[in-house]
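Work through the exercises below with the sequence and the coordinates at hand, and try each task before reading its solution.

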Amino acid sequence: MDGTRDTDKKFCSIVFDVLRQHGVTDVVCSPGSRNAPLLIAAAARDDMKKHIVIDERCAAFMALGIATVSRKPVALVCTSGTALLNYAPAVAEAFYQGIPLIVLSADRPQQWIDQDDAQTLRQFEALSNFVKKSYELPAWGDSDPELQWYANRIANDAMIEATSRRNGPVHINIRLGDPLGNKIKRDYTAQRKIEILVSDSILNKEVERRLAMELLYKKVMLVVGFMPPDNHLQRSVIEMKGKPNVVVMAETLSNLHMCKSAYSIDSVLTAYTEDELDRLAPDVVISLGGSLVSRKLKEYLRRNKERCTHWALGWTHTTSDCFMSLTKRIEVNPSRFLRHIAGYMDSAIRKGAQISFGDYSRQWEEARASTAKVKAEYVENAPWSELSAFSKIFTSIPASYNLFLSNGTAVRYAQILDYNLPHASYCNRGVSGIDGSCSTAIGGAVAYNGETVLITGDLSMAYDIGALTLPEIPEKMRIIVIDNEGGGIFRFIPTTSSLEEREEYFCVAPKLPLHNLAEGYGWEYMEATNAIELDEALRKLISTEHKMILRVICDGEKSAEILKSYMRIGVKINDNR
């Protein structure tokens, strides 16, 4: 064996070896003193890729991006004290997205907690509300074979917890006593790996058949929230969509590539009166994926909660009754369930069964088509604004790109404009925070072989400006900053749009020196202040071989008024339906 030097803290070595056996290949590390043994252990393992990030908040969001795109667990390493607390926003996002992050925090020995010693606070279970499980290893006793067995068991259990059923983050707090920098020759003895064999939770065939027969005689709405790309699920959803009594409401972040009309949720829901829409209300709502961006869809289904029931598919950490009408929580693989249900429905139809409400899908398609035509004309004729800028941007993104969206304005425009979806679309919609969008996107770019583009507002960019300091930003990264003089969403939503304090206390224009920052950190930079400049800038953004920041400057107040007008455009449903 070679002479690689490892930390003499055996627990740290055990944890890293177990993580590697469970498929962890990326470790995002932040500098520190107390975590020296963890950093030494990470450095000693050449088969793990280390990403060194100074700012722990950026580090955690970068890890989130890597895990989101790679769909593999990612480890995080920090020192003691408040460093761990900086992980909290990204860890909370990971929990509600179901993303496996393995948090490894160094800590002082137990006897020094609350003793006015440097960088000490109560770290064990500090993230307990946002992780699936918390673990701790003691500062002493790592030469004891029984405690080494314990460390192995803890590491295995953490990996199993993070990657089974509904995935999510876990936290291992490792107490470490002095000396911290000692090294020994690395021990290559393989650590024991504990595997878990999980069933696919397949429903009984008779239960599936009964549910399918129930759906034959109902108006069915399939609602799809954020999810990673899944070809098998896409095929199953398309099978269900082909039924004349089934309509699909898929959000942009669902990563299902279907006809454009499946995504025009807010556009169609704002085009008709409540009475007109209530006539199209479903009898059964089947939901899958994460939380919805569309407030309009949630309000619509809640308003009709007395006339419809809700079936939720997949694994969740709790009973989520978002539409206030949940009657079935079905813990199954959604792709397999929908494929089986569609098959039983087809079989029944071939045997002569008659589908009730056979024109339900057609009614929605016609409503969507009418809406799309009217609203497309409005966008085409709209003056320079966020609406016209976003329309040009979305229709210019190549199909091979990964798209990241910040919360607020960017993700909402993605919901209302018709365009062909790129390779995959992502947004931190687990808890929908404004922070960390840029670091998450850069992490995603690190994990993706093709180009990645982040579309963000200037306020969101200000929250995560430290992301520009990340040391390994790929040249295939592009950032489009919509500069609308602060938080444009506050000029649109009813809660804040009419407040006299709006600009000073809510929108808060950040005045980012993006040109100087781009130049200082080695980015190409362009600005667009009108449609002609934006067309040219987008051509350059797509053709360049270097990382690039494009600033798109729009009048915030004017853009908010144009968006309000767009959302008020109405189309009358044929009264004969």
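**Exercise 1.** Determine whether Ser13 is buried or exposed, and place Ser13 in its surroundings.

*Solution.* Ser13 has a relative accessible area of 6%, and it is therefore buried, given that buried means under 20% relative accessible area, exposed over 50% and partly exposed in between, with a 1.4 Å probe and protein chains only. Its place is in helix α1, residues 10-21, where helices (H or I, at least four residues) and strands (E, at least two) are DSSP runs numbered from the N terminus. Leaving aside residues up to four places away in sequence, Ser13 touches Asp6, Thr7 and Arg45, contact being heavy atoms within 4.5 Å.

The model is predicted, so that local features need pLDDT of at least 70 and side-chain atom pairs count only at pLDDT 80 or more, whereas totals for chains, interfaces and linings use all residues. Residues are numbered from 1 along each chain as its sequence is written, and side-chain values use heavy atoms, with hydrogens and water left out.

**Exercise 2.** Work out the strand order of the sheet and explain why β3 and β6 stand at its edges.

*Solution.* The open sheet is formed by 6 strands in the order β3-β2-β4-β5-β7-β6, with parallel pairing, where two strands pair if DSSP finds at least two bridges between them. Because β3 (49-52) and β6 (134-137) each have a single partner strand, one side of each is left without a neighbour in the sheet. Strand β2 (residues 26-29) is joined to β3 by 4 bridges, and Cys29 stands opposite Ile52 in β3.
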